[in-house]
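Reader: I should be grateful for a close look at a single part of this model. Please take the pocket as the centre of the account and follow its lining outward into the rest of the fold.

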Amino acid sequence: MRLLSVNVGRPTPLPSAGGPGGLSGIDKRPFEGAVRVSDPGPKGTGGSGLAGDAVCDLRNHGGSDQAVYAFAREELDAWERQLDGRELANGSFGENLTTLGVDVSGALIGERWRVGAELLLEVTSGRIPCRTFADHIGEEKWVRRFTQEAVTGAYLRVVEPGTIRAGDPVEIVHRPDHGITAALQFRAVTTERTLLPSLLVAASALHPEALRKAREYVARGGGSGARAGH
């Protein structure tokens with residue numbers, strides 16, 4: 001398991017971008033050399049965890065619980081086949097880390113990865129597609145297609161900062177026993193809301209917005225929080 005690339009974005013114009021001046025940092029490209037990764041601070045004020053990586057819409061993106069976004073090269077390859085052979089370079093989905101050999105969408109909420117010698121990351125949630133993502137990809141009905149596929153990649157928070165580069169090993173150093181994956185969390189907050197109570201077993205490791213949705217659903221009488229890993 002390793003990093004194929006570490007990807008950073010510069011502010012670029014995009015019609016649906018929510019950043020000032022219609023700018024977005026979603027167009028990420030592989031960076032040659034070392035990149036420092038640290039906790040950017042709370043959502044709304046903190047952007048990307050990667051030094052030099054732009055997050056223009058701080059209201060909807062970035063912050064401690066979405067400091068890093070990872071996507072598997074294997075899933076980019078699968079999308080290439082679905083999109084009639086369209087080439088998807090590393091970083092095409094706006095991911096900071098393009099991995100090889102890591103089941104990113106199947107990673108458990110609270111799962112911890114050691115990347116390189118220093119960096120320690122923790123999985124918080126799957127990625128929900130937005131109009132900016134759709135405009136960037138330029139494929140018809142992209143939000144619906146991505147949602148139906150439910151292969152989301154994973155957002156991660158920074159537990160211990162560090163410097164990384166392409167080729168660094170990725171080691172899973174902790175796996176919780178609850179069975180709640182990034183993909184299942186995504187389905188719960190999008191297409192299968194009856195799964196929301198099951199998210200509660202992930203507790204504080206879960207992205208706060210998803211945790212709030214699960215608690216509100218249960219409070220409205222939506223379920224008791226039965227375990228779910230399937």
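Author: Let us begin with the cysteines, since one of them leads to the pocket. A search of the whole structure, which is a predicted model, finds zero disulfides. A disulfide is a covalent bond between the sulfur atoms of two cysteines. The sulfur of Cys56 has its closest cysteine sulfur in Cys130, and because 12 Å lies between them, they are too far apart for a bond. Cys130, for its part, is in no disulfide, and its nearest cysteine sulfur is that of Cys56. The surroundings of each residue can be stated as well. Cys56 has a relative accessibility of 16% and therefore counts as buried, the cut-off being under 20%. Cys130 has a relative accessible area of 23%, so this residue is partly exposed.

Cys130 also belongs to the lining of the largest pocket, which holds about 800 Å³ of space. The lining comprises 41 residues, and those closest to the centre of the pocket are Asn60, His61, Gln66, Cys130 and Tyr155. Which elements give two or more residues to this lining? They are β3 (23–24), α2 (131–137), α4 and α5. Of the elements, α5 gives the most, with four residues.

Of these contributors, α4 deserves separate attention. This helix is mostly covered, with seven of its eight residues buried. The buried residues are Ala182, Ala183, Leu184, Gln185, Phe186, Ala188 and Val189. They pack against β9, α3, β10 and α5. The helix α5 thus appears in two roles: α5 is a packing partner of the buried residues of α4, and α5 is a contributor to the pocket lining.

The same two helices lead into the nonpolar interior. In soluble globular proteins, nonpolar side chains tend to be buried together. Here the largest nonpolar core has 40 residues, of which Val68, Leu97, Trp113, Val115, Leu121, Ile164 and Leu199 touch the most other members. Two or more residues of this core come from each of β1 (2–9), β5 (35–37), β6 (68–72), β8 (112–115), β9 (119–125), β10 (154–160), α4 (182–189) and α5 (208–219). A second, separate core has 17 residues, including Ile26, Phe71, Leu88 and Tyr155. Tyr155 therefore connects two parts of this account: Tyr155 is a member of the second core and is among the residues closest to the centre of the pocket. Within the largest core, Val115 offers a local example. Leaving aside residues up to four places away in sequence, Val115 touches Leu3, Leu121, Ile164, Pro169 and Val170.

Two backbone details remain. Most residues other than glycine have a negative phi, and most peptide bonds are trans. Asp84, which is not a glycine, has a positive phi of about 60° and is found in the loop between α1 (73–82) and β7 (97–100). At 75% relative accessibility, Asp84 counts as exposed. Ala150 likewise has a positive phi, of about 55°, and is found in the loop between α3 (142–149) and β10. With 14% relative accessibility, however, Ala150 counts as buried.

A word on confidence closes the account. The chain averages a pLDDT of 94, and 97% of the residues score at least 70. Over residues 225–230, by contrast, pLDDT stays under 50, and the model has 16 contacts beyond four places in sequence for this stretch. Where pLDDT is low, the predicted coordinates should not be read in detail.

Methods:
Residues are numbered from 1 along each chain as its sequence is written. This is a predicted model: local features need pLDDT of at least 70, side-chain atom pairs count only at pLDDT 80 or more; totals for chains, interfaces and linings use all residues. Side-chain values use heavy atoms; hydrogens and water are left out. A nonpolar core is a set of buried Ala, Val, Leu, Ile, Met, Phe, Trp, Tyr and Cys residues joined through side-chain atoms within 4.5 Å. Buried means under 20% relative accessible area, exposed over 50%, partly exposed in between (1.4 Å probe, protein chains only). Contact means heavy atoms within 4.5 Å. A disulfide is a pair of cysteine sulfur atoms within 2.5 Å. pLDDT is the predictor's confidence in each residue, from 0 to 100. On a 1 Å grid over the protein atoms alone, a cavity is a set of points where a 1.4 Å probe fits but cannot get out, and a pocket is an open set with protein on both sides within 12 Å along at least five of seven lines; lining residues have an atom within 4 Å of a point. Grid points are joined across faces, edges and corners, and a volume is the space filled by probe spheres set on the points.
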